[in-house]
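Here's a quick walk through how a few labels get assigned to a protein model. Have a look at the structure, then follow the questions.

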Amino acid sequence: QVQLVESGGGQVQAGDSLRLSCAANGRTSSIYVMGWFRQAPGKEREFVSSITWSGGTTYYSDYAKGRFTISRDNAKNSVHLQMNSLKPEDTAVYYCAGKGTLLGRYDYWGQGTQVTVSS
C-alpha cells in the first residue's frame, strides 16, 4: 500500500504563486506515475499534471501548460506542483495520486488540499 499526503494549499490573490507538495509513504517502489488532479465545487475531478517516477517525463493539461510545473524528488519520495499566475478559476481541492503503470487507472489518492484564489 501507498499513502499520499498533500500540503501547501492556501488562500492567495490572483497572480500569486503556490507550491503544492505530496509525500509518498509505504510501498513507493510500486509507483510508476505520480499525478495531480483537482476538483472545483460542483464540477468533476480533472487532470492537472503528471510525472513518471523514474524518467521524469511530464504531462500537463492545456490550462496548466506554461503556468504550472510538476517535479519530483525521488530521494524524498515526493512530488511538487509549482503553480504560478494563479487565477480564480484555479480554486479547487487539489489531489495527489499515484499508479503503477503509465496508462492504468490511479490506485492511490491523497486526502486533498484546498487552493483558493481570490480576485
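What follows is a short set of questions and answers on the labels used here.

This is a predicted model, where local features need pLDDT of at least 70, side-chain atom pairs count only at pLDDT 80 or more, and totals for chains, interfaces and linings use all residues. Residues are numbered from 1 along each chain as its sequence is written, and side-chain values use heavy atoms, with hydrogens and water left out.

Q: Why is arginine 38 called buried?
A: Buried means under 20% relative accessible area, exposed over 50%, and partly exposed in between (1.4 Å probe, protein chains only). Arginine 38 comes in at 6% relative accessibility, so it counts as buried.

Q: What makes the pairing of arginine 38 and glutamate 46 a polar contact?
A: The term covers a pair of N or O atoms within 3.5 Å; within protein, one must be able to donate a hydrogen and the other to accept it, and residues adjacent in sequence count only if both atoms are side-chain atoms. The side chains of arginine 38 and glutamate 46 meet at 2.7 Å. Arginine 38 also has a side-chain polar contact with tyrosine 63, at 3.3 Å.

Q: Why is asparagine 84 called partly exposed?
A: Its relative accessible area is 29%, so asparagine 84 is partly exposed. The side chains of asparagine 84 and serine 17 also share a polar contact of 2.9 Å.

Q: Which residues does asparagine 84 touch, leaving out those up to four places away in sequence?
A: Contact means heavy atoms within 4.5 Å. On that count asparagine 84 touches Asp16, Ser17, Arg67 and Phe68.

Q: How do you know that a disulfide joins cysteine 22 to cysteine 96?
A: A disulfide is a pair of cysteine sulfur atoms within 2.5 Å, and for cysteine 22 and cysteine 96 the S to S distance is 2.0 Å. The structure holds 1 disulfide.

Q: What parts does the link of cysteine 22 and cysteine 96 tie together?
A: Strands are DSSP runs of E, at least two residues, and helices are runs of H or I, at least four, numbered from the N terminus. Cysteine 22 sits in strand 3 and cysteine 96 in strand 9, so the pair ties together parts 74 residues apart in sequence.

Q: Which residues touch the most other members of the largest nonpolar core?
A: A nonpolar core is a set of buried Ala, Val, Leu, Ile, Met, Phe, Trp, Tyr and Cys residues joined through side-chain atoms within 4.5 Å. Of the 27 residues in the largest one, those are Leu4, Met34, Trp36, Phe68, Leu81, Met83 and Tyr94.
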